[in-house]
Amino acid sequence: MSVVDIFYQGEHGREIEVAEAALSETLAALKGRLAERHGYTEVLVFVEDEDEPLSDEITIAVIVERGGKLHFHHCREVEVTVGFAGKRHSRKFAPSTTVARVKAWAAEVYNMTAHDAGEHVLQIAGTHDRPSPAAHIGALAGKVCKIAFDLVADERINGAPEERVGR
């Protein structure tokens, strides 16, 4: 019986966690174990950047073939609002959607060039929190089904975007 590490995020927090699972195990069994750990009652499970939740009967082997990183959330969708230049646009995404995917959508909505998009990052509205592009929006939204960002200029240190300097 082969055992693999399953990486996941969820509404319980922003940290990426790891659970061991047998390739032959079903998602329902994994959900049961993680429900005890995180206090989930009813939870949907998504593969990163996929819009539809997984079936409980799917095996861990199939999940690994599809990329493996999971997201656990009670919301089927998270309403995301992005503000830029005095305007706000909203759209619903699966909770497993990465910040990078939301930023790509926002750059398109605001008609940014690739260069301009590269100069901006998403910041949670009303904070100075600029989450990692790999973070799932469901982990940022927590137990609510919505979150708001501002599209802001990236900070520069000696002329280079902050992400490229020692992060």
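In which sense do β5 and β8 pair, and over how many bridges? They pair in the parallel sense, over 5 bridges. The legends below describe close-up views of a predicted model.

**View 1. An open sheet of 4 strands.**
The strand order is β6-β5-β8-β7. The pairing is mixed. In general, strands of a sheet pair through backbone hydrogen bonds, either parallel or antiparallel. Here β5 and β8 make a parallel pair. Within that view, Val80 stands opposite Ile147 in β8.

**View 2. The edges of the sheet.**
The sheet with the order β6-β5-β8-β7 is open. Its edges are β6 (87-93) and β7 (120-124). Each has a single partner strand, so one side of each is left without a neighbour in the sheet. On average, neighbouring strands of this sheet are turned by 30 degrees against each other, direction ignored.

**View 3. Helix α3 across the strands.**
Helix α3 covers residues 99-109. It lies across β5, β6, β7 and β8. Against β6, helix α3 runs at about 135 degrees. Five names mark its buried residues: Val99, Val102, Trp105, Ala106 and Ala107. What covers the buried residues of α3? The cover includes the strands β5, β6, β7 and β8. It also includes the helices α4 (114-118) and α5.

**View 4. Two residues with positive phi.**
Most residues other than glycine have a negative phi. Ala85 has a positive one, near 55 degrees. Ala85 is found in the loop between β5 and β6. Is Ala85 buried or exposed? Ala85 counts as exposed because its relative accessibility is 68%. Asn111 also has a positive phi, near 55 degrees. Asn111 comes just after α3, in the loop between α3 and α4. Its relative accessibility is 69%, so Asn111 counts as exposed.

**View 5. The disulfide of Cys75 and Cys145.**
How many disulfides does a search of the whole structure find? It finds 1. A disulfide is a covalent bond between the sulfur atoms of two cysteines. In this model the partners are Cys75 and Cys145, with sulfur atoms 1.7 Å apart. The link of Cys75 and Cys145 is left-handed, with -65 degrees about the S-S bond. The pair links distant parts of the chain, 70 residues apart. Cys75 sits in the loop between β4 and β5 (78-84). Cys145 sits in the loop between α5 (137-141) and β8 (146-153). Cys75 counts as buried because its relative accessibility is 3%. Cys145 is partly exposed, with a relative accessible area of 32%.

**View 6. Aromatic rings.**
The structure holds 4 aromatic pairs. One of them joins Tyr8 and Phe72, edge-to-face. The ring centres are 5.4 Å apart, and the planes make an angle of 75 degrees. Tyr8 is in strand β1 (residues 3-10), and Phe72 is in strand β4 (residues 70-73). The pair links distant parts of the chain, 64 residues apart. Tyr8 counts as buried because its relative accessibility is 0%. Phe72 is buried too, with a relative accessible area of 0%. Ring pairs link Tyr8, Tyr40 and Phe72 into a cluster.

**View 7. Salt bridges of Arg14 and Glu25.**
How many salt bridges does the structure hold? The count is 11. Side chains of opposite charge can pair when their charged atoms come close. Arg14 bridges to Asp129, the closest N and O atoms being 2.5 Å apart. Arg14 is in strand β2 (residues 13-22), and Asp129 is in the loop between β7 and α5. They are 115 residues apart, so the bridge links distant parts of the chain. Arg14 counts as partly exposed, at 39% relative accessibility. Asp129 is partly exposed as well, with a relative accessible area of 25%. Glu25 and Arg33 meet in another salt bridge (3.0 Å, N to O). Glu25 counts as buried at 14% relative accessibility, whereas Arg33 is partly exposed at 38%.

**View 8. A salt-bridge network at α3.**
Asp49 forms a salt bridge with Arg101, the closest N and O atoms being 4.0 Å apart. Asp49 lies in the loop between β3 (44-47) and α2 (60-65), and Arg101 in helix α3, so the pair ties together parts that are 52 residues apart in sequence. Asp49 is partly exposed, with a relative accessible area of 30%. Arg101 is partly exposed, with 24%. Salt bridges that share partners join Asp49, Asp51 and Arg101 into one network.

Notes: Residues are numbered from 1 along each chain as its sequence is written. This is a predicted model: local features need pLDDT of at least 70, side-chain atom pairs count only at pLDDT 80 or more; totals for chains, interfaces and linings use all residues. Side-chain values use heavy atoms; hydrogens and water are left out. Rings of Phe, Tyr and Trp (its six-membered ring) pair if their centres lie within 6.5 Å; planes under 30 degrees apart count as stacked, over 60 as edge-to-face and the rest as tilted. Buried means under 20% relative accessible area, exposed over 50%, partly exposed in between (1.4 Å probe, protein chains only). A disulfide is a pair of cysteine sulfur atoms within 2.5 Å. Two strands pair if DSSP finds at least two bridges between them. Axes are lines fitted to C-alpha atoms, for helices over the stretch in contact, and angles run from 0 to 180 degrees between N-to-C directions. Contact means heavy atoms within 4.5 Å. A salt bridge is a side-chain nitrogen of Lys or Arg within 4 Å of a carboxyl oxygen of Asp or Glu.
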